[in-house]
Every structure is written in structure tokens, then in C-alpha cells.
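Take a look at the chain below. We will go from its surface inward, then follow one strand and its partners.

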Amino acid sequence: MTEEDKRSYELERTMANCYGTENYYTDRHLDFKYTDGVKTFCETAIAYWLLDLVNSVVKTKPAMNEDLIVITLTVKDTHKATITFEDSENIIHKQVIPFTDCPEGDWKFYYQKNLFFWIGEY
């Protein structure tokens, strides 16, 4: 098992334990709150940049607050990633991230009514 595979496996195991939240977090520069699961992901994957990216999309697409939005971060072995924001019918936003050290995988989140949360917390 490669080091990259180990990091992905560890992140998957960590995130499997995120199935509810006790706390909601915010920062003065964010336009939303986020949950324990998102905080755990950002800490474990060293991906706090994800909060800034989601915030920038939310600011430009205020209609996102009404529907349940699925946010998928797909990281490939080349350390490139794609993030996609989708409602039930359309892709709202898609962005390529040229480099990330986030572990490989398809990492899914939800966003609704100014709350950003891990898919297991739904």
C-alpha cells in the first residue's frame, strides 16, 4: 500500500465516524456555518482551503441557499482535483484545482440554508 493509499484509507476511516454534529463553526470571513464533519475533514486532509472555495461560490450564487446542493471533491492520483456543485437537476459550478495534497477519493458534502456539512451528517 502506497503512502497516498494509506492517507486516503485513514481519511475514509476518520470520516466514517462523522455521522452527526454537536457543534457549528463559523469564521468572520465565511457566509455560512459548518459542522464537526467538515471541520474534521479540513483538519485531517489539511484542506481548510475548501471553506474559502465554498464561500466564494456561495457569494456568487446566492440561490444555492434554497436547495440541497451536493458538493463533490474528486481528487485523482496526479494531485489534481475537481469540485462540483450540483442541485437536483443541474451542475451549478465546476472548478478544476490544479494541485492539492488532499488524499485521493470522491469526498461528498452537502450545502443548504447557509450550512455546509459532511454527507454522513445528513
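The chain exposes about 7100 Å². Carbon and sulfur atoms supply 48% of that area. Keep in mind that this is a predicted model. Under the surface, 40% of the 122 residues count as buried.

Next, the charges. The chain carries 13 positive and 21 negative ones. The mean positions of the two sets lie 3 Å apart.

Now the overall dimensions. The C-alpha atoms fill a box of roughly 45 × 30 × 30 Å along the principal axes. Does the radius of gyration suggest something compact or extended? What would a compact globule of 122 residues have? A radius near 14 Å, and the chain has 14 Å, so the two agree.The contacts add to this picture. Among those with a separation of 6 or more, 57% join residues 24 or more positions apart.

What secondary structure does the chain have? It comes to three helices and seven strands. Along the sequence, they follow the pattern α-β-β-α-α-β-β-β-β-β.

Start with a helix. H2 covers residues 36–45. Its buried residues are Asp36, Gly37, Val38, Phe41, Cys42 and Ala45. The spacing of such a list can be read against helix geometry. An α-helix has 3.6 residues a turn, so residues three or four places apart point the same way. Just after H2 comes isoleucine 46, with a positive phi near 50°.

Turn to strand E3, residues 69–75. Is E3 mostly covered or mostly open? It is mostly covered, with six of its seven residues buried.

Which strands pair with E3? One is E6, residues 105–112. Seven bridges join E3 to E6, and the two run antiparallel. Within this pairing, threonine 72 has lysine 108 of E6 as its bridge partner.

The other pairing is with E4, residues 81–86. Here six bridges connect the strands, again in the antiparallel sense. Valine 70 finds its bridge partner in glutamate 86 of E4.

E3 and E4 also form a hairpin. Five residues sit between the two strands. In that turn, histidine 79 has a positive phi of about 65°.

To retrace the path in the viewer, begin at E3. Follow its seven bridges to E6, then its six bridges to E4. Finish at histidine 79 in the turn of the hairpin.

Methods
Residues are numbered from 1 along each chain as its sequence is written. This is a predicted model: local features need pLDDT of at least 70, side-chain atom pairs count only at pLDDT 80 or more; totals for chains, interfaces and linings use all residues. Side-chain values use heavy atoms; hydrogens and water are left out. Buried means under 20% relative accessible area, exposed over 50%, partly exposed in between (1.4 Å probe, protein chains only). Helices (H or I, at least four residues) and strands (E, at least two) are DSSP runs, numbered from the N terminus. Two strands pair if DSSP finds at least two bridges between them. The radius of gyration is taken over C-alpha atoms; the globule rule is 2.2 Å times the number of residues to the power 0.38. Contact means heavy atoms within 4.5 Å. Accessible areas come from the Shrake-Rupley method with a 1.4 Å probe; for residues, only the protein chains shown count as cover. Lys and Arg count as positive and Asp and Glu as negative; His and the chain ends are not counted. The place of a charge is taken as NZ of Lys, CZ of Arg, CG of Asp or CD of Glu.
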